[in-house]
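Got your viewer open? Let's take a short tour, one selection at a time.

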Amino acid sequence: MLVRIRSKDGNFRFEFSPADGIDQLVNKIIGTASENVDPSSITISNQPRGNETPANRLKGRNLQSLGLKHGDLLFVNYKDLATSNSPNTSSPVDQRPLTSSKPQPAPNVWDSAKEDPVDVYWRSADGKIPRSRDSRFCKHAANGMCDYCMPLEPYDVAYQTEHSIKHLSYHAYLRKLSPKTSSSAALALPPLSPTSYKVKVPCPTGNHSSWPAGICTACQPSAITLQSQPFRMVDHLEIASQDIVERFLQAWRATGLQRFGWLIGRYEPYDKVPMGIRAVVEAIYEPPQEGELDGLTLGIPWEDEHRIRELAKSAAAPLTIVGYIFTDLDPTPEDRTKNVYKRHAQSYFVSSLEAIFAATIQKANPTPSRSSSSGAFGSRMVTAILTATEDGQVDISAYQVSEQACAMVDADMMEASVEPGIVRVKEEDRSQDAARYVPDVFYRYKNEYGLEVKKSAKPCFPVEYLLVNVTHGFPQSPNPLFRSTEFAIENRPGLEDQRVESVLSSLHRLGAPSLQDTRDRSKHFELAKWLSDWHLVAFLETTQLLSPEDIKFFIRTVTSPRLLEDPSSLDELVKTDGWQTLITFARESAPVRPSTSAPTGLGPMGDKIPQDAFDQIAAEEAARGRGRGGSSRLRVCPHCTFENDHGSSDCEVCGLPLG
């Protein structure tokens, strides 16, 4: 980047990298001086007069952390060594050299925040909306630019209106709060602060007893006016494959009971919205739950959360929990293939109970941010609902709740209502055990005359004031991280059971014990695809057959982008101790062929006899043995193998002749 310097010796321009330190800038300044500069006297400012900062105080900082951008102008002042050492100097300066070990101030909380890779990406990107040359108004050459074709800022109002974008993306909102034209000092300060509606305890003034014994304007929260949130933390929810949703729906289709699952995925840039972010879902983990026809019971926090988070991090593309999904489906009485359409504009989109639950989950999962004074702001946890469409089919709806909703739930100000689309505001409570202060809450709406009216939200208000819409969809060319969804899903007792025996039998069926001895690429492909299953990996971790290190290597292998393309992708996996343990158990649990009169299994012409033939021979021998050792009336049907103890010539079950 280019940095301009103006000093008493003239104007200068230098090329720097954002990662360069203040020492390199100081060396450039000293090199431009016409006299012997005292390094301890160098001051830097972004203004011609005032705001001078001694360079010594910036020791250890890089240019990017100071908020310097391409083209910034710095005003520099300094003194020569003779003047600095003169006893008649009127104003003392710091005589310590720039390289002295001066104690550094404590780092800011927001500087140590470890942001998601998608945030790091957008902070380093320009983010502007490119525009092509306008044939009607652009009169300049092809390489020129004017007001009609210059790029737009990501928060441009006209662009948002033209493309029906209701909410700014998170980073576009940050650019709006702190545009690049701001001063360096303004850019260095975080523009966001978490919303809080709690009473400050103790009071900052210290003039009275803490709440609920006393309260004043300094410690009480201000009145709340509910309004649509101008930004959203996640702009789009993408399910990597339709099979993920279909497998999740199978439980509801089999039982009619509602289901809940945590969305396992990652965050990526989303190019349909300026500086957008999308949550890509690669799997759904179903925690222990009790489903009902009209709801479900769930434990929060859930027992396996830490294990699942750590397992997801070990994937080839690190994953995390990006939200949750649940079903709300009710078949229509007249046609069981259709579902009741109950979430619409004349009813509700998200019930008050669901909104409070979403606020609780979002508050418990904040997003690390260097733009917030607390080091965290908002949440990217998405709420996805599988519900009926107007034509009775099943579709996904995705939402978040606003920061106001999270702050109100955190202050214990809201509760669910009997009417799903209505939220109740709790009453104030001054008891010592459950002290609750509820400020005035208002919301705005347009009346029947089209006039905007401000109304009190006590005792209730519509839940729509708390919602933030999130678009959703599936990729046009699916390329999921996990290639299979065949293995049984966890916590579905009686419907699907996860058993070690089924894993071992499948490994034997797919030829895993002889994988190193065969060069059949199709065998590698089938086995690799079956192993690439989130539910299988999560189950194997609970069996303790594989060590924690082997499990991490296992999930990295089966989520590799080249898993199905490279025949040698499993070579390193089969050498691990955990895999050898699995294969040993698979060999020992292999089914044994029944003993027959033809043990070699070969016919007169050397052809292999099918297993069905052995089974039929064994059944006939068993029938003859039972006939000899038992009653003479016991006759086994050769067609259905039912044991008939009557004297009739026909089978009692299938009705076919016994002879």
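Which residues are linked with Glu238 in a network of salt bridges? Select Arg266, Glu268, Arg278 and Glu282 along with Glu238, and you have the network on screen. Keep in mind that this is a predicted model.

Next stop: a sheet. Select β17, β18 and β21, which form an open sheet of three strands in that order, with antiparallel pairing. At the edges sit β17 (414-416) and β21 (460-462), and each of them pairs on one side only. Neighbouring strands here are turned by 35 degrees against each other on average, ignoring direction. What holds such strands together? Strands of a sheet pair through backbone hydrogen bonds.

Now zoom in on β18 (residues 422-425), which is joined to β21 by three bridges. Click Val423 and look across to Phe461, its bridge partner in β21.

Add helix α9 (residues 352-364) to the view: this helix lies across β17 and β18, and runs at about 135 degrees to β17.

Stay with α9 and pick Glu354, whose side chain meets that of Arg343 in a salt bridge (2.7 Å, N to O). Arg343 lies in the loop between β14 (320-328) and α9 while Glu354 is in α9 itself, so the pair ties together parts that are 11 residues apart in sequence. Buried or exposed, these two? Both Arg343 and Glu354 are buried.

For another pair, select Arg492 and Glu496, a salt bridge with the closest N and O atoms 2.8 Å apart. Arg492 counts as buried because its relative accessibility is 3%, and Glu496 is buried too, at 16%.

Last, try Asp134 and Arg136, a salt bridge at 3.7 Å between the closest N and O atoms. Arg136 counts as exposed, with 59% relative accessibility.

Conventions. Residues numbered from 1 in each chain as written. Predicted model: local features only at pLDDT ≥ 70, side-chain atom pairs only at ≥ 80, totals over all residues. Heavy atoms only, no water. Pairing = 2+ DSSP bridges. Helix = DSSP H or I, 4+ residues; strand = E, 2+ residues; numbered from the N terminus. Axes fitted to C-alpha atoms, helices over the stretch in contact; angles between N-to-C directions. Contact = heavy atoms within 4.5 Å. Salt bridge = Lys/Arg side-chain N within 4 Å of Asp/Glu carboxyl O. Buried < 20%, exposed > 50% of the residue type's maximum accessible area, 1.4 Å probe, protein only.
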